[in-house]
Amino acid sequence: MPRTAASEIHAKVVGHKLSDTRQALGLTQAEVAERLGVSASYLSAVEAGKRNLTLAQLANIANAMRLGIDVSFIRPDGTPVRLDPA
C-alpha cells in the first residue's frame, strides 16, 4: 500500500512511541535489533517513521521489548475515542 500524508504522520507517531518506550525500558537500539534479528539501522529507520510496519512487525518489536500492544484511536482533533463496555 502506498504511503500517504496520513500514513507518514502515523509512522512517525508510532516510531516516536517505540523510541520513547525502548528508552524508558533502558534498552538500546542494538539490543532490541539483536532480539529481532535485524540491524540497528533498520530499527533506527522504524523509530524515525521511515518504515511502514505491518501489525506483525509491530507485534514482533513489542515482543522483543517484552511487551504487548495496546491500540487506541483518536479523533482528528486529538481527543480519544472512548468505548463503553458492552
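These are my notes on helix 1 and the empty spaces beside it in a predicted model.

**Helix 1, length.** I started with helix 1, residues 5–24. With 20 residues at 1.5 Å a residue, I expected a span of 28 Å. The end C-alpha atoms turn out to be 29 Å apart, which agrees.

**Helix 1, two sides.** Which residues of helix 1 are buried? I get Ala11, Gly15, Leu18, Ser19 and Arg22. Looking down the helix axis, I see these buried residues fall within an arc of 95°, so they line one face of the helix. That fits the textbook rule: an α-helix has 3.6 residues a turn, so residues three or four places apart point the same way. On the face turned away from the buried side I noted the exposed residues Ala5, Ile9, His10, Lys17 and Ala24.

**What sits on top.** I then asked what covers the buried residues of helix 1. The cover includes helix 2 (29–36), helix 3 (40–47) and helix 4 (55–64).

**After the helix.** Just past helix 1, I found Gly26 with a positive phi of about 75°.

**Arg22.** A buried arginine made me look again. Arg22 belongs to helix 1, and its relative accessible area is 8%; the cut-off for buried is under 20%, so Arg22 counts as buried. What does Arg22 touch, leaving aside neighbours within four places in sequence? My list is Leu27, Thr28, Gln29, Val32, Leu43, Glu47 and Met65.

**The cavity.** Searching the whole structure for cavities of 30 Å³ or more, I got one. The largest cavity holds about 30 Å³ of space. Its lining is made of Leu18, Arg22, Val32, Leu43, Glu47, Ile61 and Met65. Helix 1 and helix 3 are the elements that give two or more residues to this lining. By class I have five nonpolar, no polar and two charged residues. Arg22 turns up here again, as part of the cavity lining, and so do Val32, Leu43, Glu47 and Met65, which are also among the contacts of Arg22.

**The pocket.** Last, I looked at the largest pocket, with a volume of about 1,200 Å³. It is lined by 33 residues, and those closest to its centre are His10, Val13, Val14, Leu58 and Ser72. The elements giving two or more residues to the pocket lining are helix 1 and helix 4. Helix 1 gives the most, with 10 residues. I sorted the pocket lining by class and got 19 nonpolar, nine polar and five charged residues. His10 is worth a second line in my notes: it is one of the exposed residues on the outward face of helix 1 and also one of those closest to the pocket centre.

Conventions
Residues numbered from 1 in each chain as written. Predicted model: local features only at pLDDT ≥ 70, side-chain atom pairs only at ≥ 80, totals over all residues. Heavy atoms only, no water. Helix = DSSP H or I, 4+ residues; strand = E, 2+ residues; numbered from the N terminus. Expected span 1.5 Å × (residues − 1). Buried < 20%, exposed > 50% of the residue type's maximum accessible area, 1.4 Å probe, protein only. Arc of directions from axis to C-beta. Contact = heavy atoms within 4.5 Å. 1 Å grid on protein atoms, 1.4 Å probe; cavity = no way out; pocket = protein on both sides within 12 Å on 5 of 7 lines; lining within 4 Å. Points joined across faces, edges and corners; volume = space filled by probe spheres on them. Nonpolar A, V, L, I, M, F, W, Y, C, P; charged D, E, K, R; others polar.
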